[in-house]
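Colleague: I should like to understand the reasoning behind the terms used for this model. May I ask you to justify them one at a time?

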Amino acid sequence: MQICVIGTGYVGLVVGTCMADMGFTVVCVDRDAEKIARLRAGRLPIYEPGLEDILRRTVRKERLSFSTEAPSSIAQADVVYIAVGTPSRDDGACDLSAVHAVADEIGRALARPTTVVIKSTVPVGTADTVRTRIAANAKHDFDVVSNPEFLKEGAAVDDFTHPDRIVVGCSSPESVEVMQRLYAGLVRTGRPIVFMDNRSAELTKYASNALLATKISFMNELARLCDAVGADIEAVRLGAGSDSRIGPRFLFAGVGFGGSCFPKDIRALRYQGEAAGVSLQIPAAVEAVNVAQKRVLADAVLKRFGPDLSDRTLGVWGLAFKPRTDDIREAPAMVIIQMLLDAGATIQAYDPEAMDAARAVIDDMPGGQRVRFAASPLRAAEGVDALLVVTEWAEFRNPDLAALSSAMAEPVIFDGRNIYLPDAMAEAGFDYYGIGRRK
Ligand SMILES: NC(=O)c1ccc[n+]([C@@H]2O[C@H](COP(=O)([O-])OP(=O)(O)OC[C@H]3O[C@@H](n4cnc5c(N)ncnc54)[C@H](O)[C@@H]3O)[C@@H](O)[C@H]2O)c1
């Protein structure tokens, strides 16, 4: 089967590359000519562990190619994936303009019976709209399948190739067969392909992200209660998470969730509820808690040092919204840095992979010229009045505390991810602030 993937971002690139590695012939299409030129030169436009090796291998074997030409790529494909971005509109709704533009393009370019697979995260009913838009121009048979993606940035290759489950929404037996053939190599260990109707598949993606985000916001809210009543959120997490009905994952209190998915998908879910006359109160609460949580660490700094930070230099470790990615979309670090800049602070920031992406955003922030980017974690800590740990990269987990303490002007740590033990930090002479930790 010939596959065309339209939209070569974090998802489309992983899907296209991994499908090529499974033996399919794949062309990845993007309207961003610079991105396509980089990929043709064998360079990844994003940081994603493990992806570059597979990309080089599949390109060498001539199973993977890149193009800016959607029409000819669509015309040659048996299966066309739509993997373009679906960001938030100002009102919180999902912006479907890229999906609709691609649907129109597919309709005009179809040259054989084709299965159109929607990988992008899209609101309920989008498959029906995509079907109508393609049909307006199509001269060949086609079907529209909803196949939401559950990969995590930072572990995307492994998540795609070893999925917990694959969700497929479609109505025709032919599409069921195509999807079974496409994914046979991914479910050999017995993981299920869960077939359902398009609308249920579309909602399943939002349900999954909302459930995960709910766990995080709930623990963040409890962390605030811990601070108020003298309990320790880490103990509560271990105690509650050991219950097999609850499970240990996604229970870590911190500086709030970011990234290109949870925040926008929570907003889009809430919006879908409103549009359908169903007021979804839990997503609204999850979002409100998260917006407030992104301010908690900077608020703790302001409480410690006072509202005027103009004679303070602060170190920030971690800019990406989570470890093992260079993605800074809706990253808590950006909110924290803006709050510190607003109070007059000078900042020394370090991230192993996200500094280029962060620099582009921070340069445009009010006061952004007061952010210096450091070449190492220790450099970022040199001479600072306090260090904020915002992303839990592995390299931040076991710093040389003596070296760190002597590099800093004052040994004060605001641990936004609870990666250190308060007692060990106190023993090493640090004034330590965690999220919901008992001192
Ligand atoms: N990033 C994730 O971890 C993740 C996980 C699961 C699902 N998703 C969903 O997958 C979708 C894509 O996310 P992403 O993070 O890969 O987005 P992205 O912004 O990284 O990539 C989208 C790509 O689509 C391209 N594009 C936009 N319009 C186009 C058009 N008309 N023709 C050709 N190319 C076009 C853009 O240039 C860009 O390269 C979104 O719906 C997202 O919600 C993302």
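Modeller: In this predicted model, β1, α1 and β2 form a β-α-β unit that is right-handed.

Colleague: What makes the unit of β1, α1 and β2 right-handed?

Modeller: The test is to view the strands pointing away from the viewer; a path from the first strand over the helix to the second that runs clockwise is called right-handed. The unit of β1, α1 and β2 is right-handed, so its path runs clockwise in that view.

Colleague: How do you know that strand β1 (residues 2-6) pairs with β2?

Modeller: Pairing requires at least two bridges between the strands. Five bridges join β1 to β2, so the two strands count as paired. They run parallel, and Val 5 stands opposite Cys 28 of β2.

Colleague: What makes β2 and strand β3 (residues 64-67) a pair?

Modeller: Four bridges link β2 and β3 in the parallel sense; the requirement is at least two, so this is a pair as well. Val 29 has Ser 67 in β3 as its bridge partner. Strand β2 (residues 25-29) is also mostly covered, with four of its five residues buried.

Colleague: Why is Ile 118 called buried?

Modeller: Ile 118 has a relative accessibility of 2%, and buried means under 20%, so the residue is counted as buried. Ile 118 belongs to strand β5 (residues 114-118). Its C-alpha atom is separated by 9.3 Å from that of Glu 202, which is 84 residues away along the chain.

Colleague: How do you know that Lys 35 makes a polar contact with the ligand?

Modeller: A polar contact is a pair of N or O atoms within 3.5 Å. An N or O atom in the side chain of Lys 35 is 2.6 Å from an oxygen atom of the ligand, so the pair qualifies. A polar side-chain atom of Lys 264 is likewise 2.6 Å from a ligand oxygen, and for Arg 329 the value is 3.0 Å. The ligand taken alone exposes 830 Å², of which the protein buries 89%. Two or more residues of the surrounding shell come from each of the elements α1 (10-21) and α5 (97-109).

Colleague: Which residues are closest to the ligand, and how many surround it?

Modeller: The ligand is surrounded by 26 residues, and the closest are Asp 30, Lys 35, Thr 86, Glu 153 and Lys 264. By class, the shell comprises nine nonpolar, eight polar and nine charged residues.

Technical notes. Residues are numbered from 1 along each chain as its sequence is written. This is a predicted model: local features need pLDDT of at least 70, side-chain atom pairs count only at pLDDT 80 or more; totals for chains, interfaces and linings use all residues. Side-chain values use heavy atoms; hydrogens and water are left out. A residue is near a molecule or strand if one of its heavy atoms lies within 4 Å of it. A polar contact is a pair of N or O atoms within 3.5 Å; within protein, one must be able to donate a hydrogen and the other to accept it, and residues adjacent in sequence count only if both atoms are side-chain atoms. Accessible areas come from the Shrake-Rupley method with a 1.4 Å probe; for residues, only the protein chains shown count as cover. Ala, Val, Leu, Ile, Met, Phe, Trp, Tyr, Cys and Pro count as nonpolar, Asp, Glu, Lys and Arg as charged, and the others, Gly among them, as polar. Buried means under 20% relative accessible area, exposed over 50%, partly exposed in between (1.4 Å probe, protein chains only).
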